[in-house]
Amino acid sequence: MGSSYMGQYLEVDLTSRHSYICETDADKLELFLGGKGLGFAVLAERALYSDPYASETPLILAAGPLTGTKAPTSVRSALITKSPLFGGALDSHVGGSLGPKIKSAGYDYIVIAGRASKPLVLRITSDNVEFIPGDVLWGKGVFEVEGQLRNAFPGSSVLSIGPAGENLVRYANIGNDLYRKCGRGGAGAVMGSKQLKAIVIDGGNKIEYFDPKLFEVLNVELVRDVIAHPARQKRYEQGTLMWIRLGQEVGRFLPTRNFQDCQFDEYENLTSENVARELDWQHTGCEGCILRCAKHAAWDGKELEGPEYESAAFLGPNCGVGDVKTVAEANWLCDDLGLDTISCGVTASFAMECFEKGLLGDAAGLNLRFGNGKSLLKLIPVIAHRNGLGDILAEGTRRAAENIGKGSARFAMNTAGLELSGVNPKGCLSAGLALATSDFASHTRLWTATDEMQGRLALDDTLPLYVRSGQDKVNLRNSLIVCDFLMFGLGRLLPLLRAATGMEKTESDALQVGERIANLARMFNCANGRSAQDDTLPDRFFEEPMTAGLLEGQLLTRELFDTLVQQYYRARGWDTDGRPTNRKLEELGLKRL
Ligand code: SF4
């Protein structure tokens, strides 16, 4: 019988320029499935106490059991490493064609450790691993590097870093296949610390199925239902940018001027309808995806896919910038220089608030007022190259505030060191709770805004339970791996998993996988300094009445938030300090780290 698992993984040591093929550990697959879970298990074995920039800290590219199969949205893959920004376990997920290429190269996952003595391009195919000199590419932007490597190796998936990764900007990300990005939390800087400019992957292996006929039948039904689903059309027409209008008009949680407000006067400029016109949007998507939620934009000789909602919200309203082409240009610059648009946008808005409050002097003449798009465009390269003030801001808001002092920490919008993302918690309490309790403060851990906006949540002890089980479900999806935007859950995915791999998982087994990953991440993060004191939000959210949602018009008190966090710990089986108990670890088959 076949299986969609490839049965082996690749170890690459950049220091010695050796690589090894090893058998995938079946017990790990049983416990963690693949993707995020498998990557975290490997990371915990290799880098529990190591510095993110230490040679031994691995960069892990992981596929899941559904990656590369015919299942809708299963093109995605996970990138896992240790974050130089917040110090914990980092996972990021990317579409493009990377996931299927990891599988076609013959691997369930690839572990890249060590440090090259000179800039390097790593090329992985089914029958070879090559270490190609990368000196001529060092210093170049992502679009040029990926363009050159895609021409040199047609059909391959390419990952690369820009100058931000080379300069160890703590929120440098990684480009993929020109227009896809991954690595929030600084995976690009980890790659830069290894002098690894790019990775090129291709292969000729085909995926096998445990029960190919059953998989085909189940998949045809799922594809049919995805196509007929009412949510599909809106996602196809408007992409994620639909959240600009929803965030302003319905949810009233659009992050604005460094999270001071939830409403932005110029939001209409950034709605899907306007951006489609101004940037000549064409529908596109990850390889083979039937949802095609991505949008190819072209303007003034530049191209990108997007702007996606998060990039637009944090480089736009959160910096007070409403001009569509300025926001697109800022997004393009971040993509080319290899910066995470969210952390860069929030760090820029932090600098703007500090500047307006007189904490940055003349900010090297940058005139960093909210709404000054020209200054934003000048600031982004300054950060990527760590010039002057950029060197301070390249460290992220938490460290930048420590450096600037003068009370600037009040304007540093991060939880446990990662800049907040998604929506403004001032208009969405559940998002605040999810951001504060997740393994890191990213909207990708759990998107609660739709449920709160539509009145499906209650402010009682069901809220922490909802957050806990939602996080577990997302962990599971990120290990299978399917996209967040697939509208169907375990009832449809587990039969596919069985037909693909032969693995029998009940819904409760599968949810326990998600829970196991949350507990493993928590232990890893606690070992790296995360504590109950970090499971909160910046002061700003406890000082003014909430604008919308469960607590509309009321003040969110610290007492209430702490009570919700304690209820969350109880729902997780953690102690009052937010640490997994021995009993919980035993139940999940985990050893204390
Ligand atoms: S829904 Fe969008 S992000 Fe998800 S796999 Fe499809 S195109 Fe990619």
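1. G186 lies in the loop between β11 and α6 (187-193), where helices (H or I, at least four residues) and strands (E, at least two) are DSSP runs, numbered from the N terminus. This is a predicted model, in which local features need pLDDT of at least 70 and side-chain atom pairs count only at pLDDT 80 or more, while totals for chains, interfaces and linings use all residues. Residues are numbered from 1 along each chain as its sequence is written. G186 counts as buried because 33 other C-beta atoms lie within 10 Å; the class requires 20 or more other C-beta atoms within 10 Å of the residue's own, with 12 or fewer for exposed, partly exposed in between, and C-beta atoms placed from the backbone. Leaving aside residues up to four places away in sequence, G186 touches S83, P84, L85, R170, Y171 and A172, a contact being a pair of C-beta atoms, placed from the backbone, within 7 Å. From G186 to G549 the C-alpha to C-alpha separation is 32 Å, and the two are 363 residues apart in sequence.

2. The protein chain is divided into domain 1 (8-201), domain 2 (232-412) and domain 3 (425-486 + 506-588), with bounds that come from an automatic or database domain assignment. Between the C-alpha centres of domain 2 and domain 3 there are 25 Å, and twelve residues of domain 2 are in contact with twelve residues of domain 3. The side of domain 2 that touches domain 3 comprises seven nonpolar, one polar and four charged residues; here Ala, Val, Leu, Ile, Met, Phe, Trp, Tyr, Cys and Pro count as nonpolar, Asp, Glu, Lys and Arg as charged, and the others, Gly among them, as polar.

3. One open sheet has six strands in the order β2-β1-β6-β3-β4-β5, with mixed pairing, two strands being taken as paired if DSSP finds at least two bridges between them. Its edge strands are β2 (18-23) and β5 (89-94), each of which pairs on one side only, and the twist averages 15° from one strand to the next. Helix α2 (residues 35-47) packs on this sheet, touching β3, β4, β5 and β6, and its direction makes about 20° with that of β4; such axes are lines fitted to C-alpha atoms, for helices over the stretch in contact, and the angles run from 0 to 180 degrees between N-to-C directions.

4. Within that sheet, strand β1 (residues 8-13) runs antiparallel to β2 and is joined to it by six bridges, D13 standing opposite H18 in β2. Strand β3 (residues 59-62) is buried at each of its positions, with L59 and L61 pointing one way and I60 and A62 the other way. β3 pairs antiparallel with strand β6 (residues 109-113) over four bridges, and three bridges join β3 to strand β4 (residues 77-82), again antiparallel. A62 has Y109 as its bridge partner in β6 and stands opposite A78 in β4.

5. A further open sheet of six strands follows the order β8-β7-β12-β9-β10-β11, with mixed pairing. β8 (128-133) and β11 (180-182) are its edge strands, each pairing on one side only, and its twist averages 20° from one strand to the next. Strands β7 (residues 120-125) and β12 (residues 196-201) pair in the parallel sense over five bridges, and I124 has I201 as its bridge partner in β12. Helix α4 (residues 142-152) packs on the sheet, touching β7, β9 (157-160), β10 (174-176) and β12, with a direction at about 150° to that of β9.

6. Some backbone geometry deserves checking, given that most residues other than glycine have a negative phi, and most peptide bonds are trans. A cis peptide bond joins G306 and P307, with omega about -5°, and P307 is in the loop between β15 (302-305) and α11 (309-315). The bond from L480 to I481 is also cis, with omega near -5°, and I481 is in the loop between α19 (462-480) and α20 (490-501). L178, in the loop between β10 and β11, has a positive phi of about 70° although it is not a glycine.

7. Around the ligand there are 13 residues, of which G285, C286, C289, C293 and C483 come nearest, a residue being near if its C-beta atom, placed from the backbone, lies within 6 Å. This shell divides into eight nonpolar, three polar and two charged residues, and domain 1 and domain 2 each supply at least three residues to it.

Conventions
Contact = placed C-beta atoms within 7 Å.
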